[in-house]
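This briefing walks through strand pairing, one helix and the nonpolar cores of the structure shown below. Please keep the sequence and the 3D view at hand while reading.

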Amino acid sequence: MRTPLANVDASWLRMDEPNNQMVVTGLLVLETPLATGRVRTLLQERLLRFDRFHQRIVRGLGGIPAWEDDPRFSLDHHLAAERLPAPGDEAALQAYLGALASQPLPERRPPWRINLLPYQGGTALVIRIHHAIADGIGLLHLLFGFSDEGEGTIMPQARSTPPSTERGRIKRAAALARLMFRR
């Protein structure tokens, strides 16, 4: 069954350009190595319970975009273990992210992908999700639900003063933003 995209989501799709994809790209750097099997399990338990993550975008009558279940859905199309080019340092990670950010997601598959990279003794997770699935804030809430600290929660309650665990995440995210946008 097909479900038409909401107008705002269809707008994100129309804004895609070859060198400016409307894909939210996030980077999570973990201090310890993370096994691909563990990520697969987490995705199956916490992400794939949402229809959008196993649905693709198709064009219906008149070119109107709609969601439909991907009949050939496979997690293998969305999760990849890769390696950074030598020496695997911060510059290599930045170059990798820069090249990846301009690549479109495959049109015939659900519009998201996660790449796992060994990085500085730990793991870098590069998460790419098209804006048509959800807005940036919605995706952040979804990712909080993906973490063990936020297990079972999709929309954490807003707080005026975050508890220490969230404050730590906010500090790490700010440090990552400084790293990514430094010239």
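Strand β2, which covers residues 23-30, pairs with β7 in the antiparallel sense over eight bridges, and within this pairing L27 stands opposite V126 of β7. The model is a predicted one, and the points below should be read with that in mind.

**Strand β7 and its partners**

- Strand β7 comprises residues 122-130 and is mostly covered, since nine of its nine residues are buried.
- Besides its pairing with β2, β7 also pairs in the antiparallel sense with strand β6 (residues 112-119), again over eight bridges.
- In the pairing of β6 with β7, P118 stands opposite T123 of β7.
- β6 and β7 form a hairpin with two residues between them, and Q120, which lies in the turn, has a positive phi of about 45°.

**The hairpin of β3 and β4**

- Strand β3 (residues 55-59) has four of its five residues buried, and it is therefore largely enclosed by the rest of the structure.
- Strand β4 (residues 65-69) runs antiparallel to β3 and is joined to it by five bridges, with W67 in β4 serving as the bridge partner of I57.
- Five residues lie between β3 and β4 in the hairpin that they form, and G62 in the turn has a positive phi of about 70°.

**Helix α3**

- Helix α3 consists of twelve residues (90-101), which at 1.5 Å a residue should span 16 Å, and its end C-alpha atoms are 16 Å apart, so the expected and modelled values agree.
- The residues A92, L93, Y96, L97 and L100 of α3 are buried.
- Viewed down the axis of α3, these buried residues fall within an arc of 135°, and they therefore line one face of the helix.
- In general, an α-helix has 3.6 residues a turn, so residues three or four places apart point the same way.

**Nonpolar cores**

- The largest nonpolar core has 21 residues, of which L5, L43, F53, W112, I114 and I129 touch the most other members.
- The elements that contribute two or more residues to this core are α1 (7-15), α2 (36-47), β6 and β7.
- When its neighbours within four places in sequence are left aside, I114 is in contact with L43, H78, L79, A80, L125, V126 and I127.
- A second, separate core is made up of eleven residues, including L84, Y96, L97 and A124.
- Y96 and L97 are also among the buried residues of α3.

Notes:
Residues numbered from 1 in each chain as written. Predicted model: local features only at pLDDT ≥ 70, side-chain atom pairs only at ≥ 80, totals over all residues. Heavy atoms only, no water. Buried < 20%, exposed > 50% of the residue type's maximum accessible area, 1.4 Å probe, protein only. Pairing = 2+ DSSP bridges. Expected span 1.5 Å × (residues − 1). Arc of directions from axis to C-beta. Core = buried A, V, L, I, M, F, W, Y, C linked by side-chain atoms within 4.5 Å. Contact = heavy atoms within 4.5 Å.
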